[in-house]
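Reader: I am new to this structure and would be grateful for a close look at a single part of it. Please choose one helix, describe what surrounds it, and then place it in its wider setting.

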Amino acid sequence: MDDPWGEDTAATYDTDDAAMFSDEVLGPTVALLAELAAGRPALEFAAGTGRVALALAASGVDVSGIELSESMTARLRVKPGSERVPITIGDMATTRVPGEFGLVYLVYNTITNLLTQEEQVACFANAAAHLEPGGCFLIEVFVPRLRHLPPGNTLVAYEVTDSHVGVDEYDVLAQRLVSHHALPGRPFARSHHRYAWPAEYDLMARLAGLEPHARWADWSRRPFTADSASHVSVWRKPDR
Ligand SMILES: C[S@@+](CC[C@H](N)C(=O)[O-])C[C@H]1O[C@@H](n2cnc3c(N)ncnc32)[C@H](O)[C@@H]1O
């Protein structure tokens with residue numbers, strides 16, 4: 001598998017995902033994260049080019065990050081305000097940074113970049129290990145589109161527009177999917193994911209000693225329903 005987060009991806013990440021940098025997306029994101037941080041420091045797992053970390057830091061929260069990709073981190077480090085967001089290069093499933101945090105968060109489906117259950121369980125445990133008592137772990141992730149798969153079919157076309165064709169290819173036995181992307185003038189791209197049902201994340205949280213706190217469909221805190229395409233889920237470390 002090519003490095004999915006190398007220089008090619010880093011160079012175009014912010015412009016390809018421009019809508020994700022809009023006030024409509026980041027406004028409610030920062031509002032919820034700042035509320036959960038409640039004046040305590042926050043740690044972003046997989047901080048990327050700083051889309052959320054920089055906006056949260058600008059709102060007054062003390063933010064640090066862990067990020068695997070040097071290329072993504074280099075893009076963050078040239079942005080205004082990045083001196084306030086220290087990044088440790090490493091794997092979010094295993095890397096420890098000093099200190100205790102009131103909030104650890106992992107957004108934009110990135111838990112699914114860990115391709116085994118073992119790594120995802122380790123990631124929850126690592127989040128819990130960074131939390132102070134009463135601190136929260138938040139993830140934002142899609143709900144697998146398994147209900148769109150007729151028997152015998154493995155493909156779900158989730159977006160077909162002039163600017164992007166996206167098709168997910170499910171392997172339900174391995175609980176994995178390959179997301180295929182076609183963008184105008186670009187080489188065909190693929191990303192690999194391990195998906196999980198929300199209940200499996202709840203179990204990972206429980207294994208890490210965390211308690212359920214909230215689950216919404218999105219950052220605007222709409223109710224999570226049987227038809228929700230994504231969820232923003234929060235678990236809390238019990239008080240001492
Ligand atoms: C979809 S981007 C999200 C970046 C940022 N959180 C955002 O919301 O824009 C996924 C990021 O996860 C990082 N990543 C993937 N696997 C990782 C791992 N095991 N540990 C730390 N970072 C990882 C990638 O390098 C990439 O920067």
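Author: The account below begins with the chosen helix and works outward from there.

The structure is a predicted model, in which local features need pLDDT of at least 70, side-chain atom pairs count only at pLDDT 80 or more, and totals for chains, interfaces and linings use all residues. Residues are numbered from 1 along each chain as its sequence is written.

The part chosen is helix H5, residues 117–130. Helices (H or I, at least four residues) and strands (E, at least two) are DSSP runs, numbered from the N terminus. The expected span of a helix is 1.5 Å times one less than its number of residues. For the 14 residues of H5 this gives 20 Å, which agrees with the 20 Å between its end C-alpha atoms.

Which residues of H5 are buried? They are Gln120, Cys123, Phe124, Asn126, Ala127 and His130. Because these residues cover an arc of only 160° around the axis, they lie on the same side of H5; the arc is that of the directions from the helix axis to the C-beta atoms. A residue is called buried if 20 or more other C-beta atoms lie within 10 Å of its own, exposed if 12 or fewer, and partly exposed in between, with C-beta atoms placed from the backbone. An α-helix has 3.6 residues a turn, so residues three or four places apart point the same way.

The buried residues of H5 are covered by elements that include strands S1 (42–45), S4 (101–106), S5 (131–142) and S9 (189–194), together with helix H6 (198–207). Strand S4 deserves a closer look through Phe101, which is found in that strand. Phe101 counts as buried because it has 23 C-beta neighbours inside 10 Å. Two residues are in contact if their C-beta atoms, placed from the backbone, lie within 7 Å. Leaving aside neighbours within four places in sequence, the contacts of Phe101 are Arg40, Pro41, Ala42, Leu43, His130, Leu131, Glu132 and Gly135. One of these, His130, is also among the buried residues of H5. Phe101 and Phe137 are 36 residues apart along the chain, and their C-alpha atoms are separated by 9.8 Å.

Phe137 leads to the nonpolar core, a set of buried Ala, Val, Leu, Ile, Met, Phe, Trp, Tyr and Cys residues joined through C-beta atoms within 7 Å. The largest such core has 54 residues, of which Leu33, Ala42, Leu56, Leu103, Val104, Phe137 and Leu138 touch the most other members. Apart from neighbours within four places in sequence, Leu138 is in contact with Leu36, Leu103, Tyr105, Val232, Ser233 and Val234.

Leu33 and Leu36 direct attention to a second helix, H2, whose buried residues are Leu26, Thr29, Val30, Leu32, Leu33, Leu36 and Ala37. These residues pack against S1, helix H3 (51–58), S4, S5 and strand S11 (230–236). Helix H2 covers residues 23–37; its 15 residues should span 21 Å, and its end C-alpha atoms are 20 Å apart, which agrees. Just after H2, Ala38 takes a positive phi of about 50°.

Most residues other than glycine have a negative phi, and most peptide bonds are trans. Asn109, in the loop between S4 and H5, also has a positive phi, near 65°. With 16 other C-beta atoms within 10 Å, Asn109 is partly exposed.

Finally, the wider setting is given by a domain assignment, whose bounds come from an automatic or database source. Domain 1 takes in 7–143 + 196–236, and domain 2 takes in 145–195. The C-alpha centres of the two domains lie 23 Å apart. Seven residues of domain 1 are in contact with six residues of domain 2. On the side of domain 1 that touches domain 2, there are three nonpolar, four polar and no charged residues. Here Ala, Val, Leu, Ile, Met, Phe, Trp, Tyr, Cys and Pro count as nonpolar, Asp, Glu, Lys and Arg as charged, and the others, Gly among them, as polar.
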